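Let's walk through how the helices pack in this one and where the nonpolar cores sit. Have the structure open while you read.

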Amino acid sequence: FTNIGHRVVLGLMLGDTESEESWTAFFSWLKQRGLRGVALVVSDDHGGLVRSIRAQWQGATWQRCQTHFMRNILGLKDEIHTHVRAILEAPDPETARMLLQQTLAAYEDKAAKAMRFDDATAVLSLPEKYRKRLRTTNSVERLNEEVRRRERVIRIFPNRESVIRLIGALLMEQDEKWAAGRKYLEMAEYLDVVKTGQKRLPKSLESCNPFSLREFTHKFGLD
C-alpha cells in the first residue's frame with residue numbers, strides 16, 4: 001500500500017523458482033521503475049525471499065506473517081498456542097517481550113525452534129489500528145488464490161507470454177478496483193506519529209510507480 005493508504009499491484013514477473021536470485025531480480029526491477037522508501041515488508045519465512053528482502057530493502061522492517069508462523073507451531077500443545085496468541089496480540093513490544101520470556105521459560109525445551117518471535121511481532125511498533133491488516137499476508141494470499149483459480153481453467157499455458165497476459169489482465173483488474181475503492185488503511189495517524197517522532201517507526205512509503213495499464217498493454221502488444 002502507498003502513503004495515502006491504497007493498495008496497488010506493483011508489478012508482475014515470472015520466475016522459474018522461488019529463489020533468492022528470482023526475488024532479487026524482481027525487487028531490482030521495482031527499484032529501477034522508481035519504488036523507494038519502503039517501510040514494511042510482510043512475507044512468510046521462505047529463506048530466499050527473506051534474504052533478498054534484507055539485501056534489497058535495507059532499513060525496512062520485515063514482518064513475518066503471523067498466519068504462517070502459527071501454522072509452523074500447529075504441532076505444539078494447545079496450552080502453548082494460548083501463550084503464543086497472547087504474545088502476538090500484546091499491546092506493545094515491551095509486554096510482548098515479557099510474555100515471551102515467560103513462555104520460553106516454561107516451554108523452550110519443547111518448542112525452542114518455533115519460539116522465535118522477534119520478526120513475527122514487528123508490527124507491535126506500529127499504532128494499534130494498523131496491526132491487524134499488516135501482521136499477515138492474507139490480502140496477498142487472497143489475490144494469489146484468485147490467480148490459481150484462473151490457472152486451473154487453462155491448466156497448460158502454450159508459452160510464458162500467455163501466462164503474463166492472463167495473470168497481468170487479472171492484476172490490472174484488481175489494481176483498478178483497489179484504486180477506485182475505499183482506502184485499505186487511513187494513514188493520517190501513522191504519518192502524524194512519524195512526523196512528531198512519538199515512536200520510532202519505519203519511514204512511510206514515499207512514492208511508487210504502481211502496475212501501469214498503459215505500460216502493460218504496450219509491452220505485450222495489447223494496445
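## H1 against H2

On the H1 side, Glu20, Trp23, Thr24, Phe27, Ser28 and Lys31 do the touching, and their partners in H2 are Gly48, Leu49, Arg51, Ser52, Ile53 and Gln56. Sort those residues by class and you get four nonpolar, five polar and three charged. Keep in mind that this is a predicted model.

As for geometry, H1 covers residues 20-32 and H2 covers residues 47-56; their axes come within 8 Å and cross at roughly 35°. The crossing is right-handed.

## H7 against H8

Further along the chain, H7 (residues 138-154) meets H8 (residues 160-180), with axes that come within 10 Å and cross at roughly 145°. This crossing is right-handed too.

H7 brings Leu143, Glu146, Val147, Arg150, Glu151 and Ile154 to the contact, while H8 brings Leu166, Ile167, Leu170, Leu171, Glu173, Gln174 and Trp178. What's the mix by class? Eight of the residues in this H7 and H8 contact are nonpolar, one is polar and four are charged.

## The nonpolar cores

Nonpolar side chains tend to be buried together in soluble globular proteins. Here, the largest nonpolar core has 15 residues, and Phe69, Met70, Val84, Leu88 and Phe117 have the most contacts inside it. Helices H3 (66-72), H4 (78-88) and H5 (93-111) are the elements that each give two or more residues to this core.

There's also another core lying apart from that one, with 12 residues, among them Phe27, Trp29, Leu35 and Trp62. You've met Phe27 already: it's one of the H1 residues in the contact with H2.

Definitions and conventions
Residues are numbered from 1 along each chain as its sequence is written. This is a predicted model: local features need pLDDT of at least 70, side-chain atom pairs count only at pLDDT 80 or more; totals for chains, interfaces and linings use all residues. Side-chain values use heavy atoms; hydrogens and water are left out. Axes are lines fitted to C-alpha atoms, for helices over the stretch in contact, and angles run from 0 to 180 degrees between N-to-C directions. Helices (H or I, at least four residues) and strands (E, at least two) are DSSP runs, numbered from the N terminus. A crossing is left-handed if the near helix is turned anticlockwise from the far one by less than a right angle, and right-handed if clockwise. Contact means heavy atoms within 4.5 Å. Ala, Val, Leu, Ile, Met, Phe, Trp, Tyr, Cys and Pro count as nonpolar, Asp, Glu, Lys and Arg as charged, and the others, Gly among them, as polar. A nonpolar core is a set of buried Ala, Val, Leu, Ile, Met, Phe, Trp, Tyr and Cys residues joined through side-chain atoms within 4.5 Å. Buried means under 20% relative accessible area, exposed over 50%, partly exposed in between (1.4 Å probe, protein chains only).
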